[in-house]
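Let's take a walk through this model, ring by ring and strand by strand. Keep the viewer open as you read.

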Amino acid sequence: AKLQNIKNILFFDNNIESSIAIFNIRGQTVFSSHGDKESLEKAIPNLTNYISEFLYELSYHFNNVNVYVAPGNHGRLSAKKEESLTNENMDNLVIPFLRAKLQNIKNILFFDNNIESSIAIFNIRGQTVFSSHGDKESLEKAIPNLTLFTGVQPNIYLSGHRHTNAMITVYDSKVLQAGCISGPDSYCMDNRLRNRPEQIVSVITENGLDCIYDVKF
C-alpha cells in the first residue's frame, strides 16, 4: 500500500516538471532479510509486484522512467556477512523480474551497473549521480573513496543502509541518505534503533540539487 502513494510522493509542487523519472533501488527498499533465505524467496515475487505497479503508474506521468538497482547487504544469501560472496545477492534478481513484468511498457528503461555491480552511475540534467546501498561507504568518506575508485567525482551521491533520511555536503558534492519504506527491520529493533518509515525525493536541476522532500509514511 505504501508504494501506491505516488501522488503524495511525487507531486508536491505544480511547478516541478520533468520528462524523466529516476527510480533508484538501493537494497533496503526491496529486502530486509540479511541472509534469511526463506524470507528472500517469499519477498521477491511480492515486492517486485509492488514495484512494477509503482513503475507502471510512473510511466503515465513521465516520458521515460529510468530504473537503476544498487544491491546491498539485505539481499545476501548468507546470514553471516563475512561469509557472503559479492554476487550472491538476491537484489541482482530485481531487474530481471521487473524487465519480465514490464517488457511491454516501452518507456520504462532498465540499466545495468558497468563499473562495479554495487554502484549505479547515471546523469541527471548534466549532474553526475552515484548510488550505492551504503553498507560499504560512510556518508563522510563516500565522495573521496568513490572518486578515487572510479576516477570521477560525483555531484550527488545517493545511499541508504541506515534507514533514516539525512544530507551532508562533502567537497561540494551532496550526499543524500534515504530511509526505508518498510521501516526498521529485526536488526534495528534488536539494537533499539526504531524509527518510522521514510524516504526522500530529490529535485535536481542543471545547477545541481535544488531541494529534497522529507517523505514520511
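Start with Tyr60: at a relative accessible area of 58%, this residue is exposed, since the cut-off for that word is over 50%. Keep in mind that what you're looking at is a predicted model.

Tyr60 has a ring partner, and the structure holds three aromatic pairs. In one of them, Tyr56 and Tyr60 sit edge-to-face, with 5.2 Å from centre to centre and 90° between the planes. Tyr56 comes out as partly exposed, at 35% relative accessible area.

Now for another pair, Tyr68 and Phe111. Their ring centres are 4.8 Å apart and the planes meet at 15°, so this pair counts as stacked. The two residues come from distant parts of the chain: Tyr68 belongs to strand S2, Phe111 to the loop between S3 and S4, and 43 residues separate them. Tyr68 is buried, with a relative accessible area of 7%, while Phe111 is partly exposed at 30%. Ring pairs also bring in Phe122, which makes a cluster of Tyr68, Phe111 and Phe122.

Why is strand S2 described as largely enclosed by the rest of the structure? The strand covers residues 64–69, and five of its six residues are buried, so the rest of the structure largely encloses it. Its pairing is worth a look too: S2 runs parallel to strand S3 (residues 108–110), with three bridges between them. One contact to pick out is Val67, whose bridge partner in S3 is Phe110.

Moving on from S3, look at the loop between S3 and strand S4 (120–124), where you'll find Asp112. Its side chain meets that of Arg99 in a salt bridge, 3.7 Å from N to O. Arg99 sits in helix H3 (residues 94–101), so the pair ties together parts that are 13 residues apart in sequence. As for accessibility, Arg99 is partly exposed at 33%, whereas Asp112 is exposed at 51%.

The salt-bridge count comes to two. Besides the Arg99 and Asp112 bridge, there is one between Asp214 and Lys216, with the closest N and O atoms 2.5 Å apart. Both residues of that bridge are partly exposed: Asp214 has a relative accessible area of 48%, and Lys216 has 41%.

Next, the surface. Ile115, Ile121 and Phe149 make up a nonpolar patch there, and together they have about 280 Å² of accessible area. Phe149 is part of helix H4, which spans residues 142–150.

Finally, find strand S8 (residues 173–177). Which strands does S8 pair with? Strand S6 (residues 156–159) runs parallel to S8, joined by four bridges. Strand S7 (residues 166–170) is antiparallel to S8, with five bridges between the two. Gln177 is a handy residue to click on here: Ser159 stands opposite Gln177, and so does Ala166.

S7 and S8 also form a hairpin, with two residues between the strands. In that turn, Tyr171 has a positive phi of about 50°. How buried is S8? Four of its five residues are buried, so S8 is largely enclosed by the rest of the structure.

Technical notes. Residues are numbered from 1 along each chain as its sequence is written. This is a predicted model: local features need pLDDT of at least 70, side-chain atom pairs count only at pLDDT 80 or more; totals for chains, interfaces and linings use all residues. Side-chain values use heavy atoms; hydrogens and water are left out. Buried means under 20% relative accessible area, exposed over 50%, partly exposed in between (1.4 Å probe, protein chains only). Two strands pair if DSSP finds at least two bridges between them. Patches are made of residues with over 30% relative accessible area and no salt bridge: like charges are joined within 9 Å, nonpolar side chains (Val, Leu, Ile, Met, Phe, Trp, Tyr) within 5 Å. Accessible areas come from the Shrake-Rupley method with a 1.4 Å probe; for residues, only the protein chains shown count as cover. A salt bridge is a side-chain nitrogen of Lys or Arg within 4 Å of a carboxyl oxygen of Asp or Glu. Rings of Phe, Tyr and Trp (its six-membered ring) pair if their centres lie within 6.5 Å; planes under 30 degrees apart count as stacked, over 60 as edge-to-face and the rest as tilted.
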